[in-house]
Amino acid sequence: MSLFQIGPANHGYDMINLKMSPPLKTPRSYSQILKAFLRVASLRNQLAVLLLVAGAAGAILSLGLISLVDLWKPFLPTFFAPYRPVVIALSVLLFVCLGYGHWIERRWVEITRIRIPTSKLAPGSEPVRIVHLSDFHCTEDDALEKRLPDMIHPFRPDLILLTGDYLGSLKGTSTLERLLKGLHSSHGLFAVLGNHEVWYTPGLDLFMKTPVVLLNNEARRFVIRNTSICLFGVQLDDEEKAIPSLKELSSEAINVVLYHYPDFIERVSGTEVDLLLSG
């Protein structure tokens, strides 16, 4: 999560990082998602890599467990004995990494402040505060999500912006809904979709019961304390339709673009885009 304070050139932006089309048929089960993977070549490749990595990890952990049993009561061929410490060490290391990722990293919040100057605000103007959230990958476990609103609101954001990949499982919809309902900013919450929504769960309305406004190649304009802000959301897999509009952005406003992938920065170079927020 990031908080951007957009201020005059002598104040700058303060960025606080908190280390955290037509409707299609929406998959309602894991079997339907699997079928969606198998229909698309790029998703089949992802599935193959996922299965390969999962298989390798499972094999290492299984061999480590077998080696531990063999250490206590030998039953494997004698030629395996020299490799037993290596296999045990690898399986322990893998188990520690998986445990760290699941129980520690995904609940860990780190705050970093960065100042980025802009000349589009008059000296002495109060900064515009933008909170950027992305890649929740929500599941039933909301250990981090339920903490976020209380962490965000002290910053008094003017805008809260989201850039995709909201679900980690189909059962994470209630976690996401509770989180989004708990967020508040003076000028609203706006979002674009990520690859998880576009590829895996197309047509699923994640924001219907929340205050979030979805921007599909659409712009919203605000005046926040006499500062003009233009917010533009670029739709994933439909970027070409957004390019002409991005080239016509006014140089008088602070232009903020939302898109799921950061490499879109190459497409907006040479335009009046001041800030690109990505997942």
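## The β8–β11 sheet

In this predicted model, four strands make up an open sheet in the order β8-β9-β10-β11, and their pairing is mixed. The edges are formed by β8 (218–224) and β11 (275–277), each of which pairs on one side only. From one strand to the next, the twist averages 20°.

β8 pairs with strand β9 (residues 227–233) in the antiparallel sense, over seven bridges. Within this pairing, R220 is placed opposite L231 of β9. The two strands β8 and β9 form a hairpin with two residues between them, and R225 in the turn has a positive phi of about 50°. In a regular strand, side chains alternate between the two faces of the sheet.

## D158 and the hairpin turn

The turn residue R225 is also a partner of D158: a polar contact of 2.7 Å joins their side chains. D158 itself is found in the loop between α4 (148–152) and β5 (159–162). Is D158 buried or exposed? Its relative accessibility is 2%, so D158 counts as buried.

The side chain of D158 also reaches the backbone nitrogen of R129, at 2.7 Å. Leaving aside neighbours within four places in sequence, the contacts of D158 are P127, V128, R129, S185, S186, H187, G188, I224 and R225. Of these contacts, R225 is the turn residue of the β8–β9 hairpin, and I224 falls within β8 (218–224).

## Aromatic pairs

How many aromatic pairs does a search of the whole structure find? The search finds six. One pair consists of F190 and F222, whose ring centres are 5.4 Å apart and whose planes lie at 70°, so the pair is edge-to-face. The threshold that matters here is an angle over 60 degrees, which counts as edge-to-face. F190 belongs to strand β6 (residues 189–191) and F222 to strand β8; the two are 32 residues apart, and the pair links distant parts of the chain. Both F190 and F222 are buried.

A separate entry concerns three residues: F136, Y166 and F207 form one aromatic cluster.

## Helix α2 and D70

Helix α2 covers residues 41–72. It has 32 residues and reaches 47 Å from its first C-alpha to its last, close to the 46 Å expected at 1.5 Å a residue. The buried residues in α2 include L43, L47, G64, S67 and D70. An α-helix has 3.6 residues a turn, so residues three or four places apart point the same way.

D70 lies in α2, and at 3% relative accessibility D70 counts as buried. Which side chain does the side chain of D70 meet in a polar contact? The partner is the side chain of R84, at 2.6 Å. Not counting residues up to four places away in sequence, D70 touches F75, L76 and R84. R84 therefore appears both as a polar partner of D70 and in its contact list.

## F37 and the start of α2

F37 is placed in helix α1 (residues 30–39). With a relative accessibility of 13%, F37 counts as buried; the cut-off for this class is under 20%. Setting aside residues up to four places away in sequence, F37 touches L43, R44, Q46, L47 and Y200.

Two of the residues that F37 touches, L43 and L47, are among the buried residues of α2. F37 and L47 are ten residues apart in sequence, and their C-alpha atoms are 7.1 Å apart in space.

## Positive phi in two loops

H137 has a positive phi of about 50° although it is not a glycine. H137 lies in the loop between β4 (128–133) and α4. At 27% relative accessibility, H137 counts as partly exposed.

R156 likewise has a positive phi of about 50° and is not a glycine. The position of R156 is in the loop between α4 and β5, where D158 is also found. R156 counts as exposed at 52% relative accessibility, whereas D158 counts as buried at 2%.

Conventions. Residues numbered from 1 in each chain as written. Predicted model: local features only at pLDDT ≥ 70, side-chain atom pairs only at ≥ 80, totals over all residues. Heavy atoms only, no water. Buried < 20%, exposed > 50% of the residue type's maximum accessible area, 1.4 Å probe, protein only. Contact = heavy atoms within 4.5 Å. Pairing = 2+ DSSP bridges. Axes fitted to C-alpha atoms, helices over the stretch in contact; angles between N-to-C directions. Polar contact = N/O pair within 3.5 Å; in protein donor to acceptor, adjacent residues only side chain to side chain. Expected span 1.5 Å × (residues − 1). Phe/Tyr/Trp six-rings, centres within 6.5 Å; stacked < 30°, edge-to-face > 60°.
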